[in-house]
Amino acid sequence: MAVTVKQLMEAANAAVPKVSVDEAKALMAQGALVVDVRDGTEVAASGKVAGAVHVQRGLLEFKADSEMPTHDPAFRKDRTVIVYCASGGRSALAGKTLKDMGFSDVRNLGGFKGWADAGGAIDK
């Protein structure tokens, strides 16, 4: 049975809890991995959350899977992962994908603008 984007988003939002900027900062202080899933042009234009790893959404599975030669060792299933994008949609879907891959603690920060507007540190 085919699913709609609305259904995919509902499932993603149900599986991946949202996290506030303050909650994200606290989790980062405890060693959470922050992942920017926006396109490279978006990151180049605005910067990214300080310390975040940039992995475009389309490459996420290949970086997160420890059996792939392209695996990024920052992705560990015992580590909290915080994902974000421009508005929260792609990060919700990316977070759901990580949950499906066995990452147990995945959170959605939502959009980069919310982080920047709250005075979060940015790497340019």
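Start with the inside of this predicted model. The largest nonpolar core has 17 residues, and the members touching the most others are Leu 33, Val 35, Leu 60, Phe 75, Val 81, Leu 98 and Phe 103. At least two core residues come from each of strand E1 (33-36), helix H4 (60-64), strand E4 (81-85) and H5. E4 gives the largest share, with 3 residues.

Val 81 is a handy place to look at that core up close. Skipping its neighbours within four places in sequence, Val 81 is in contact with Leu 33, Val 35, Leu 98 and Phe 103, and also with Asp 105, Val 106 and Arg 107. There's also a second, separate core, this one of 13 residues, with Val 19, Val 21, Ala 52 and Tyr 84 among them.

Now for some helix packing. Two packed helices are described by the angle between their axes and the distance between the axes. For helix H1 (residues 5-15) and helix H5 (residues 89-100), the axes come within 8 Å and cross at roughly 65 degrees. Angles of 65 to 115 degrees count as roughly perpendicular, so that is the label for H1 against H5. The crossing of H1 past H5 is left-handed. On the H1 side, the contact uses Leu 8, Met 9, Ala 11, Ala 12, Asn 13 and Ala 15, while H5 brings Gly 89, Ala 92, Leu 93, Lys 96 and Lys 99. Sort those H1 and H5 residues by class and you get 7 nonpolar, 2 polar and 2 charged.

Next, a few single residues worth clicking on. Is Arg 38 buried or exposed? Arg 38 sits in the loop between E1 and helix H3 (40-46), and its relative accessible area is 3%; buried means under 20%, so Arg 38 is buried. Its contacts beyond four places in sequence are Val 43, Ser 46, Gly 47, Lys 48, His 54, Gln 56, Tyr 84, Cys 85, Ala 86, Arg 90 and Phe 112. Tyr 84, one of those contacts, is also one of the residues in the second core.

Trp 115 belongs to helix H6 (residues 112-117) and is buried too, with a relative accessible area of 3%. Again leaving aside neighbours within four places in sequence, Trp 115 is in contact with Val 21, Ala 24, Lys 25, Met 28, Val 49, Leu 109, Gly 120, Ala 121 and Ile 122. Val 21 turns up in the second core as well.

Two loop residues fall on the other side of the burial scale. Asp 78, in the loop between H4 and E4, is exposed, with a relative accessible area of 66%. Gly 58 lies in the loop between strand E3 (53-54) and H4, and at 59% relative accessibility Gly 58 counts as exposed.

Each of these four residues can be paired with a partner further along or back in the chain, which gives some C-alpha to C-alpha distances to check in the viewer:

| Pair | Apart in sequence | C-alpha to C-alpha |
|---|---|---|
| Arg 38 and Arg 90 | 52 residues | 7.8 Å |
| Gly 58 and Ala 94 | 36 residues | 9.0 Å |
| Trp 115 and Asp 22 | 93 residues | 9.4 Å |
| Asp 78 and Leu 109 | 31 residues | 19 Å |

Arg 90 is also on the contact list of Arg 38, and Leu 109 is on that of Trp 115.

Technical notes:
Residues are numbered from 1 along each chain as its sequence is written. This is a predicted model: local features need pLDDT of at least 70, side-chain atom pairs count only at pLDDT 80 or more; totals for chains, interfaces and linings use all residues. Side-chain values use heavy atoms; hydrogens and water are left out. Axes are lines fitted to C-alpha atoms, for helices over the stretch in contact, and angles run from 0 to 180 degrees between N-to-C directions. Helices (H or I, at least four residues) and strands (E, at least two) are DSSP runs, numbered from the N terminus. Angles under 35 degrees count as roughly parallel, over 145 as roughly antiparallel, 65 to 115 as roughly perpendicular and the rest as oblique. A crossing is left-handed if the near helix is turned anticlockwise from the far one by less than a right angle, and right-handed if clockwise. Contact means heavy atoms within 4.5 Å. Ala, Val, Leu, Ile, Met, Phe, Trp, Tyr, Cys and Pro count as nonpolar, Asp, Glu, Lys and Arg as charged, and the others, Gly among them, as polar. A nonpolar core is a set of buried Ala, Val, Leu, Ile, Met, Phe, Trp, Tyr and Cys residues joined through side-chain atoms within 4.5 Å. Buried means under 20% relative accessible area, exposed over 50%, partly exposed in between (1.4 Å probe, protein chains only).
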